[in-house]
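Thanks for coming. I will go through one structure today, starting with its rings and working outwards. Please have the sequence and the model open.

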Amino acid sequence: MLKFGLKVAAAATVLAGLAISTPALAQDNQKTFYLLSHGGPSDAFWLDWNAGATKACDQLKVTCKISFSGGDMAAQKEAFNSALAAKPDGIGTTSAQPGLWTEEVKAAKAAGIPIVFFNTDDPATGRQAYVGADLKEAGAVWAKYLVDNKMVKEGDKVFLPVEVPGASYQQLETEGIASVFDPLGIKYDVVDCGTDPAGIIAKMTDYMVANNPPAIIALGDSVAASVKRVFDGAGVPAGKIPVVGWGNSRETAEAVKAGFVNAAAWQFPSAQGFMPVALLGLAASGEPIGYDIHTFSLYDATSVEPILKLYNK
């Protein structure tokens, strides 16, 4: 089920070693790009993303200034405006909330600064390109998996744990889920589990014990990575409750192999870091970049081994 390839050729991207990013050494006439993430630098997905971005900066011999806001939208806004003031050759950013960057993208375009979004998108801003999953499509894929495999039926209420309710990823993924479930009379319950690892496990376990849901769609990587520990804590054996959702972590990949998660989505984290830098490099050299690169594939126990090998490097 997993296909190691992107819709736009990215085969040259190789998973680099994990590292906290540092700007490439500046050279005369070297291009400078700002890459602004809403994620946290210690999060498993963003470690892999950072490795890919850093590798691209080194290969393209550009200076990259990478920052993580750890979910603090005010801090990310400050970083974006600092980037605009520096007049760089390009800016890449995530869009964790709809409409967050409307004015900033407008200002960047007026200044002739190319803008690429990655991980989370907001095409209404007029950004020039996007690298990442189509989050609405992701939600629909998960819901369809449960329906096609007859794991849910009319009247069921599916548990949708999430770290940040109201964030773009939750809204878009839930829209995709609704497009499949609503016509079939299948209900769903979006539950705020927070971002603290211990708190996530406690809240998910409490919900499981109180509601005994027929299925789970994990809307974020942290909640997906907690599934095995939640099942163990709630006394639920592997395979009793079907689970789908994100799979950009070693923990979730291992849970897929062990049967606690039926199918998980992979976003090719290293490629998702590499490709925005490559696109900004093209734009800075005068090439048009009016297209998107979708990094998304679903894997299960039959196709998890290549991902586990990446994590075991």
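How many aromatic pairs does the count come to? The count comes to 14 aromatic pairs. Keep in mind throughout that this is a predicted model.

One pair to look at is tryptophan 46 with tryptophan 49. Their ring centres are 5.3 Å apart and their planes stand at 70°, so this pair is edge-to-face, since planes over 60 degrees apart count that way. Both tryptophans belong to helix H1, where three residues, about one turn of the helix, separate them. In general, residues three or four places apart point the same way, because an α-helix has 3.6 residues a turn.

Are these two tryptophans buried or exposed? Tryptophan 46 has a relative accessibility of 5%, so it counts as buried, the limit being under 20%. Tryptophan 49 is at 0%, so it is buried as well.

Tryptophan 49 has another partner. Its ring and that of phenylalanine 118 form a stacked pair, with 5.0 Å from centre to centre and 20° between the planes. This pair links distant parts of the chain: tryptophan 49 sits in helix H1 and phenylalanine 118 in strand S4, 69 residues apart. Phenylalanine 118 is buried, as is tryptophan 49. Ring pairs tie Phe45, Trp46, Trp49, Phe68 and Phe118 into a cluster.

Now the helix itself. H1 covers residues 44-60, which is 17 residues. How far apart are its end C-alpha atoms? They are 25 Å apart, and the span to be expected at 1.5 Å a residue is 24 Å, so the two agree. For anyone checking the arithmetic, the expected span is 1.5 Å times one less than the number of residues.

The buried residues of H1 include Phe45, Asp48, Asn50, Gly52, Thr54 and Cys57, along with both tryptophans. What covers the buried residues of H1? Among the elements that do so are strands S1 (32-37), S2 (63-68) and S4 (115-118). Helices H7 (221-225), H10 (269-284) and H11 (305-311) are also included in that cover. After H1 comes lysine 61, which has a positive phi, near 55°.

Next, the sheet. In which order do its strands lie? The order is S2-S1-S3-S4-S5-S11: six strands in an open sheet, with parallel pairing. S2 and strand S11 (292-294) are the edge strands, each pairing on one side only. From one strand to the next the twist averages 15°.

S1 and S2 are paired in the parallel sense over six bridges. Threonine 32 is opposite threonine 63 in S2, and serine 37 is opposite phenylalanine 68 in S2. That phenylalanine is one of the members of the ring cluster. H1 packs on this sheet, touching S1, S2 and S4, and its direction makes about 165° with that of S2. S1 is mostly covered, with five of its six residues buried.

A further helix lies against these strands. Helix H2, residues 73-86, lies across S1, S2, strand S3 (90-93) and S4, and runs at about 170° to S1.

On to the cysteines. How many disulfides does a search of the whole structure find? The search finds one. It joins cysteine 57 to cysteine 64, with an S to S distance of 2.0 Å. The link is left-handed, at -100° about the S-S bond.

Cysteine 57 has a relative accessible area of 4% and is therefore buried. Cysteine 64 is at 1%, so it counts as buried too. Cysteine 193 also has a relative accessibility of 1%, so it is buried.

Last, a residue in a loop. Where is glutamine 97? Glutamine 97 is in the loop between S3 and helix H3 (102-110). At 36% relative accessibility it counts as partly exposed, because that class runs between 20% and 50%. Leaving aside neighbours within four places in sequence, glutamine 97 is in contact with Met73, Asp122 and Ser168. The C-alpha atoms of glutamine 97 and glycine 166 are separated by 7.9 Å, while their positions lie 69 residues apart along the chain, counted as places apart.

To go back to the start: tryptophan 49 is the residue to select if you want to follow this on screen, since it pairs edge-to-face with tryptophan 46 and is stacked with phenylalanine 118.

Terms used:
Residues are numbered from 1 along each chain as its sequence is written. This is a predicted model: local features need pLDDT of at least 70, side-chain atom pairs count only at pLDDT 80 or more; totals for chains, interfaces and linings use all residues. Side-chain values use heavy atoms; hydrogens and water are left out. A disulfide is a pair of cysteine sulfur atoms within 2.5 Å. Buried means under 20% relative accessible area, exposed over 50%, partly exposed in between (1.4 Å probe, protein chains only). Helices (H or I, at least four residues) and strands (E, at least two) are DSSP runs, numbered from the N terminus. Contact means heavy atoms within 4.5 Å. Two strands pair if DSSP finds at least two bridges between them. Axes are lines fitted to C-alpha atoms, for helices over the stretch in contact, and angles run from 0 to 180 degrees between N-to-C directions. Rings of Phe, Tyr and Trp (its six-membered ring) pair if their centres lie within 6.5 Å; planes under 30 degrees apart count as stacked, over 60 as edge-to-face and the rest as tilted.
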